[in-house]
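Subject: Structure for you to look at

Hello,

Here is the structure I said I would pass on. Please open it first and keep it beside you while you read the notes below.

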Amino acid sequence: MKYIYGPVPSRRLGKSLGISPIPDKTCNYTCIYCQLGRTTQYTNSREMFFPVEEIIDEVKCALNQEKDIDFITIVGEGEPLLYEGLGALISEVKELTSTPIAIITNGALLSRDDVRKEILEADVVLPTLDAYSEEMFRKINRPFKDIKLVNVIEGFREFRKIFKNQIWLEIMLIKDMNDDVKSLKEIRKLIDQIKVDRVYINVPIRPPAESWVEIPPSNRLIVAQEILKAESIAHFEELLVDSVDRESPPFNQILNILKRHPLRNEQVYTLFPSMSKKEIDSLLDDMKSEDLIEPIEYNNKTFWEFKRSKL
Ligand code: SF4
């Protein structure tokens, strides 16, 4: 499958079937914590990257194979609101199934009236808000030049007025960037203006785009939870292991997951219970020799990461 992955387990979305409607690492931000590395297709122009019908054909196929799905999640290796066919895609998926649709987005394009209207049929929208000032926004998310935080927030507010379903906001907390009490209080003020249904805090559990990014200490996370009135998903998602397409060779299965996020050795082992650790190590070594993946040390752990220069 080119556009569909999973289902993957998610704390917020249960058993989630992913749809990726955009080319790899196409985004209007290049966040310092991005687990896909620095943005290579840095753009704020919406495009019809792929035909909607091609994606829908794969969705039909996946729905025939997978019956118990909690959410169909539009996400991808970048920013899904950049896909010009998004509105049509949502409508056509709605015709196929009653499974709820979630969209994971940075939310920048919610500043546009047409984009807000296009996603009204979604059941849950999960945008990101990591900063309260333009300066902090530029330091953490490094948005495309014409994107301003003030317009993004205004877009969130306008979207809230017309969107009747759920908005679950995520805040990525980074040590010494946005985890101090003042920043947390200012972010909370913005959340109060947007009026979201839920707030989640997360931390960069996987190797980030910039190696100097660090996870806040646990005492600051406790304070953050209180101030932001948020639930923490920090450290949780990484414990969950993706399900894979058992039909394809282990080589492809590993590569497909690593294109979406890095994995630790132990996680790769759990994916293939019928293979010995020695066999899996040898497979990983082969992939490394082919220059497809590389080991990265982060937070005292070794991760395998996809080398995006090979795309
Ligand atoms: S974290 Fe999301 S919004 Fe930020 S650069 Fe990566 S894909 Fe884009």
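Strand β12 gives the largest share of the lining of the second largest pocket, namely four residues. Before going further, please note that this is a predicted model. β12 covers residues 293-298, and β13, at 301-306, is also a contributor, since each of these two strands supplies at least two residues of that lining. The pocket has a volume of about 310 Å³. Its lining is made up of 21 residues, and those closest to the centre of the pocket are Gly37, Pro208, Ala209, Ile296 and Glu305. By class, the lining of the second largest pocket holds ten nonpolar, five polar and six charged residues.

Where does the second largest pocket lie with respect to domain 1 and domain 2? Both domain 1 (4-240) and domain 2 (245-311) give residues to its lining, so the pocket lies between them.

The two domains themselves come from the domain assignment of the protein, which gives 4-240 as domain 1 and 245-311 as domain 2. In the contact, 16 residues are from domain 1 and 14 residues are from domain 2. The C-alpha centres of domain 1 and domain 2 are 25 Å apart.

Next, the cavities. The structure has three cavities of 30 Å³ or more. The largest cavity contains about 1,100 Å³ of space, and the space taken by the ligand is this largest cavity. A total of 42 residues line the largest cavity, and Gln35, Val75, Ile104, Glu170 and Arg206 are the ones nearest its centre. Sorted by class, the lining of the largest cavity has 21 nonpolar, twelve polar and nine charged residues.

Which strand gives the most to the lining of the largest cavity? That is β1, with four residues. β1 spans residues 4-10, and β8 spans 166-172; each of them supplies at least two residues of this lining.

The ligand has its own shell of residues. Around the ligand you will find Lys25, Cys27, Tyr29, Thr30, Cys31, Tyr33, Cys34, Thr39, Gly78 and Asn106. Five residues of this shell are nonpolar, four are polar and one is charged.

The second largest cavity has a volume of about 50 Å³. Its lining consists of Tyr29, Asn106, Thr128, Leu129, Asp130, Ala131, Phe137, Asn141, Leu149 and Val152. Of the residues in that lining, six are nonpolar, three are polar and one is charged. Two names are worth finding on your screen here: Tyr29 and Asn106 belong to the lining of the second largest cavity and also to the residues that surround the ligand.

Finally, there are two details of the backbone. Which two residues does a cis peptide bond join? They are Gly6 and Pro7, and omega for this bond is about 10 degrees. Pro7 is part of strand β1, the strand that gives the most to the lining of the largest cavity. The other detail is at Asp176, which is not a glycine but has a positive phi, of about 65 degrees. Asp176 is in the loop that runs between β8 and α6 (181-194). Strand β8, on one side of that loop, is among the elements that supply at least two residues of the lining of the largest cavity.

Regards

Definitions and conventions: Residues are numbered from 1 along each chain as its sequence is written. This is a predicted model: local features need pLDDT of at least 70, side-chain atom pairs count only at pLDDT 80 or more; totals for chains, interfaces and linings use all residues. Side-chain values use heavy atoms; hydrogens and water are left out. A residue is near a molecule or strand if one of its heavy atoms lies within 4 Å of it. On a 1 Å grid over the protein atoms alone, a cavity is a set of points where a 1.4 Å probe fits but cannot get out, and a pocket is an open set with protein on both sides within 12 Å along at least five of seven lines; lining residues have an atom within 4 Å of a point. A molecule sits in a cavity or pocket if more than half of its atoms lie within 2 Å of its grid points. Ala, Val, Leu, Ile, Met, Phe, Trp, Tyr, Cys and Pro count as nonpolar, Asp, Glu, Lys and Arg as charged, and the others, Gly among them, as polar. Grid points are joined across faces, edges and corners, and a volume is the space filled by probe spheres set on the points. Domain bounds come from an automatic or database domain assignment. Contact means heavy atoms within 4.5 Å.
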